[in-house]
Amino acid sequence: MLKCAHKGCGKEFDLANDATEACIYHPGAPIFHEGLKSWSCCNTVNKPVLDFDEFMAIAVRSTHSYAPKVEPLRTSSTPNKSLTVTESADGKEVYTTSTARSQPTQRPAVAPVASPAPTQQIEEEEDLQAFVPQGAPCKRAGCKVNFASNEENRVGDGPGTKCVYHPGAPIFHEGSKGYLCCKRRVLEFEEFLKIEGCTEGLHLFVPKSKGDVQQAVNCRIDHYQTPSTVHVTVFAKQTDRERSTIKIEENEIYFDLYLPGPKRFTRSVQLFGPVDSSASSFTIFGTKVEVKLKKLDGRSWTLLEKTDRDLGPVSFTFGVTGRTGTVGAKELVLDDQNSHNHAR
């Protein structure tokens, strides 16, 4: 059996029977620029991606080949020649040239740059109850084993169940390529794909579902007011409209927002003043959540969230509309307690 030498393929095939089989590979070179990854042969068709797994999934089709493409060696330009002047016996000057050997330049010593410390990651586990199709590749980085059977690759402690892989993420920095989990770095992408794994474990053909495990996150909240309303903005991207919940009560707002993946934002806000929950509303956009609160009175809110601190004669300015002027009346409308403090 021969091994296909095309970039991105690497499958074994029979030259007599499988030579015309469809081969997924890239004739061009990989391009890594400012975090974006693409291939030079199809960067105008396939958009550059950020994730390394999505980059490896970009493919084109051709036929297998066992002879790798041999690139011509790059030779240096014409050698440096020096001009020599000599005087002959009859007094004539003779000019001759000779090839000058370049003297090695002494480079200053460069202090080695320490590679970043590997971050601890929670590795995915194999779902032994899930079905695995024949020939499915192991999903761990650096492992090139394809699934044959449960007895050979998933069950027991035989040699076929051992997986040698990289638990860390790939890193590309100033032309250097490698993994965060080990120190080896290479320049060529083909050599990067050949870096042997540094950790031994079990194969990962079908990862376990994470189920209902949620990751709590914080989202920024901003707000402004008019004499009759308070507008609240929660900067939460791609909020799930079906699963998320927003409850508006007279003195409180409750947010329970489901974000992409396992992320979830929950928070309860005790409002500075009372609102009319029946006249209030909210809208979920692709990048944020907008809440419009209808005030029960016309007083100015010093803050969005209620506090026990004495804020003194501080007021929250009304929003501005149009080219000039502010929205609302020119004097503040305060409740009894704030009116008494303001009069002092």
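Colleague: What is the mean pLDDT of the chain?

Modeller: This is a predicted model, and 66% of the residues of the chain reach a pLDDT of 70 or more. Residues 320-330 stay under 50, although the model has 12 contacts beyond four places in sequence for them. For the chain, the mean pLDDT is 77.

Colleague: Why is Cys181 not in a disulfide with Cys198, and how many disulfides does the structure hold?

Modeller: A disulfide needs two cysteine sulfur atoms within 2.5 Å, and the sulfur of Cys181 is 3.4 Å from that of Cys198, its closest cysteine sulfur, which is therefore too far for a bond. The number of disulfides in the structure is zero. Cys42 is likewise in no disulfide, with the nearest cysteine sulfur 4.1 Å away, in Cys41. The count of disulfides is thus zero.

Colleague: Is Cys42 buried or exposed?

Modeller: The cut-off for a buried residue is a relative accessible area under 20%. Cys181, at 24%, is partly exposed, whereas Cys42 has a relative accessibility of 6% and so counts as buried.

Colleague: Which residues touch the most other members of the largest nonpolar core?

Modeller: This core has 23 residues, and the elements giving two or more residues to it are β16, β17, β18, β19, β20 and β21. Apart from it lies another core, of 12 residues, including Trp39 and Cys182. Beyond its neighbours within four places in sequence, Val234 is in contact with residues including Phe255, Leu257 and Phe265. The residues that touch the most other members of the largest core are Val234, Phe255, Leu257, Leu271 and Leu293.

Note on methods. Residues numbered from 1 in each chain as written. Predicted model: local features only at pLDDT ≥ 70, side-chain atom pairs only at ≥ 80, totals over all residues. Heavy atoms only, no water. Buried < 20%, exposed > 50% of the residue type's maximum accessible area, 1.4 Å probe, protein only. Core = buried A, V, L, I, M, F, W, Y, C linked by side-chain atoms within 4.5 Å. Helix = DSSP H or I, 4+ residues; strand = E, 2+ residues; numbered from the N terminus. Contact = heavy atoms within 4.5 Å. pLDDT = per-residue confidence, 0-100.
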